Amino acid sequence: MPLQKILFKPGVNKENTRYTTEGGWYEADKVRFRQGNPEVVGGWEPYSAATYQGACRSLWNWVLLDGRNIVGVGTNLKFYLEDGGLYYDITPIRASSTINNNPFVATDGSATITVTDTSHGAVTGDFVTFSGATGLGGNITAAVLNAEYQITVLTINTYTFIATATANATDATAAGGGASVVAAYQINVGPANQVPLVGWGAGGWGLGAWGVGAASLSSLRLWNQVNYGENLVFNPRGGGLYYWEAPTLTTRGVLLNSLGGNVTFTSASPTVVTSTSNILFTEGAALQFAATTSLPTGISAATTYYVFEVNGLTFKLLDSAGAAVNTSSTGTGVYVSLIMDVPTVVNTFTVSDTSRFVITFGCNDYGSATLDPMLIRWSSQDDIYNWTPDPTNQAGFIRISHGSEIVTTVQTRQEIVVFTDSAIYSLQYLGPPYVWAPQLLGDNISIMSTNAAIIASGIVYWMGVDKFYVYDGRVNTLNCDLRRFVFGDINQQQALQVFSGTSEGFNEVWWFYCSASSTTVNRYVIYNYAEKIWYYGTMERTAWLDSGLQTVPIAAKYNSSLYTGNLINHETGLNDNTNGTAVAIDAYISSSEFDIGDGHNFGFVWRVLPDLTFGASTNTPTAVAPQVTMTLYGLANSGSGTTSTANGTVIKGSTYVITEEFTGQIFTRMRGRQMIFKIGSNQINTQWQLGAPRIDIRPDGRR
């Protein structure tokens with residue numbers, strides 16, 4: 001018989017049996033397709049030598065006015081800004097106070113220090129920074145104590161930390177730290193993955209047997225972040241809105257509702273308040289005041305007052321009974337301690353690019369601290385501080401009804417696509433008086449997680465709980481040749497870890513997820529929207545960002561044993577350089593079963609003529625030429641399993657002007673009614689793309 005070309009349809013298909021999908025590819029890892037031909041993916045290497053603490057779940061990239069290219073990095077433990085390969089900790093402070101007199105207790109021969117702080121509000125894993133402490137007289141000096149530590153909570157009033165020095169007998173008997181110790185507590189940390197909770201009260205109300213309850217899961221720490229001009233708004237899901245103001249990278253983020261600025265009071269009936277920070281407050285805005293020295297007589301701390309008779313930067317106040325507020329002194333160092341109408345509990349948010357609204361999705365209502373998971377609120381246009389609806393501004397709210405919670409949003413060119421757990425909406429700007437209005441696009445849909453939706457080439461793609469979807473003006477199911485493979489082996493208890501990303505240079509949308517036996521992300525599935533094909537593989541990542549401000553996509557990797565992570569540059573080099581040392585990328589792809597004619601004859605293959613390109617491959621450090629292994633598996637029938645195997649190594653030769661030279665032919669002895677073709681490589685500095693190899697096959701009987 002003449003030589004038979006081995007040409008398979010692009011993409012990997014595992015929806016049917018291996019024999020049913022004859023003429024296609026069936027298994028793969030770290031292989032993509034370019035114009036229908038499989039090739040090994042690009043390599044990766046560390047973004048920098050620096051690391052951060054925790055598992056990163058959020059990446060955002062923007063440029064400051066001074067030209068610095070910044071990446072926001074949100075982990076379960078902290079929030080960082082990356083600049084020049086270094087990570088700057090801007091994690092907000094939850095509380096800061098002077099704690100009990102001599103709060104430190106040491107034990108001779110131990111580095112563990114016990115701290116007493118009444119109602120500290122911390123959880124195990126939180127970070128606290130001490131200042132103002134004096135040494136204990138021995139190894140535990142003031143320099144040792146006045147530092148940042150991660151704590152283990154013992155009770156509501158006590159916790160421990162591991163000092164950088166071991167205490168001696170003097171430390172153990174000394175008074176602990178002095179009378180002016182200040183403890184600055186960072187916001188509570190969150191879990192690195194979903195942790196099953198069991199027992200009474202773990203599940204929802206009424207679930208499970210009486211007195212036992214049902215299993216539940218602690219929520220993953222997920223961040224959302226968007227730049228507002230050159231500044232950054234960020235929030236942990238279910239937490240407050242925080243604001244970082246450029247350009248100082250060491251400045252911590254602060255609660256947005258604490259940025260009311262300084263004010264002055266007149267001693268008058270009624271008093272006139274003037275904003276000296278050039279913040280224009282809205283009629284009806286709810287404010288609280290504090291002072292570095294003294295409040296005006298007639299103004300009480302932690303009491304809410306309401307703005308009225310606004311005239312530029314000046315306004316008057318009403319109390320909760322609607323009476324005008326009078327003062328008999330001006331006070332000193334007065335500032336707005338809280339802007340009460342700014343949402344304080346938020347699931348997710350975005351900043352509309354063209355109209356400059358900050359929009360929260362799933363948040364507390366006005367005058368309430370309880371989260372309404374279906375409520376949408378937005379600030380006044382181009383005014384991040386004003387959230388009180390008034391005829392003079394465009395602040396407002398609306399509640400949508402389909403679903404039980406808003407999961408996430410994706411901003412497109414003309415609309416904001418809003419996902420609930422059972423529906424999808426289009427939120428569009430209409431201008432006054434309605435400002436923003438939702439339109440239901442589809443019902444009875446699902447979405448796997450907060451980070452499972454992505455926009456690519458102007459189209460929204462997302463992963464549901466049992467299939468994939470696409471929105472291009474209409475909501476449709478995305479045909480997937482790997483649907484059963486993906487959703488049949490996925491850990492639904494770790495669904496919140498699912499995240500998506502793009503590799504625009506290769507027209508790809510990626511989804512990363514945990515396989516059924518794993519509690520950490522270890523797999524990916526890719527949809528190539530240009531060629532409309534699917535492929536998959538294995539990889540451990542926790543976040544992904546493909547930004548036009550970066551030369552290549554970047555991803556986050558987590559080292560669970562060290563509780564640290566680092567960023568990884570993808571599509572760079574030829575190897576796995578995760579740890580700074582080149583390791584080969586183990587890449588392969590294997591076909592479905594194929595046969596001669598209608599499969600009634602056995603075939604005998606005695607040689608293979610390769611066709612491939614080694615692209616940018618280079619010799620290994622030991623001068624070994626790049627190579628791949630081609631393997632043919634023979635089966636007596638489609639259900640018999642492999643009965644014979646033949647493989648050969650294809651080695652790169654010298655490079656010519658027109659093409660490459662490689663091993664001309666591989667001599668084999670392999671027999672089977674059905675056959676499987678596989679190509680793979682596991683050698684550093686190797687890049688390849690398969691062409692159209694040929695096999696020399698002849699009929700060899702019928703049994």
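How many residues lie between strand 27 and strand 28 in the hairpin, and which residue in the turn has a positive phi? The legends below address this and related views. The model is predicted, with local features requiring pLDDT of at least 70, side-chain atom pairs counting only at pLDDT 80 or more, and totals for chains, interfaces and linings using all residues. Residues are numbered from 1 along each chain as its sequence is written, and side-chain values use heavy atoms, with hydrogens and water left out.

**View 1. The hairpin of strand 27 and strand 28.** Strands, like helices, are DSSP runs numbered from the N terminus (strands: E, at least two residues; helices: H or I, at least four). Two residues separate strand 27 from strand 28, and Gly312 in the turn has a positive phi of about 65°. Strand 27 (residues 305-311) runs antiparallel to strand 28 and is joined to it by four bridges; two strands are taken as paired if DSSP finds at least two bridges between them. Val307 stands opposite Leu317 in strand 28.

**View 2. The two faces of strand 28.** In strand 28 (residues 314-318), Phe315 and Leu317 make up the covered face, whereas Thr314, Lys316 and Leu318 make up the uncovered one. In a regular strand, side chains alternate between the two faces of the sheet.

**View 3. The open sheet of six strands.** The strand order is 24-25-28-27-26-29, with antiparallel pairing. Strand 24 (263-265) and strand 29 (332-339) are at the edges with a single partner strand each, so one side of each has no neighbour in the sheet. Neighbouring strands are turned by 45° against each other on average, direction ignored; axes are lines fitted to C-alpha atoms, for helices over the stretch in contact, and angles run from 0 to 180 degrees between N-to-C directions. Three bridges connect strand 24 with strand 25, and Thr264 stands opposite Thr274 in strand 25. Thr274 in turn stands opposite Thr314 in strand 28.

**View 4. Cis peptide bonds at Pro247 and Pro433.** Ala246 and Pro247 are joined by a cis peptide bond with omega of about 15°; Pro247 is in the loop between strand 22 (242-244) and strand 23 (254-255). The bond from Pro432 to Pro433 is also cis, with omega near 5°, and Pro433 lies in the loop between strand 36 (423-431) and strand 37 (435-443).

**View 5. Positive phi at Tyr563.** Tyr563, a residue other than glycine, has phi near 60° and belongs to the loop between strand 47 (554-559) and strand 48 (564-570). Tyr563 counts as exposed because its relative accessibility is 54% (buried is under 20% relative accessible area, exposed over 50%, partly exposed in between; 1.4 Å probe, protein chains only).
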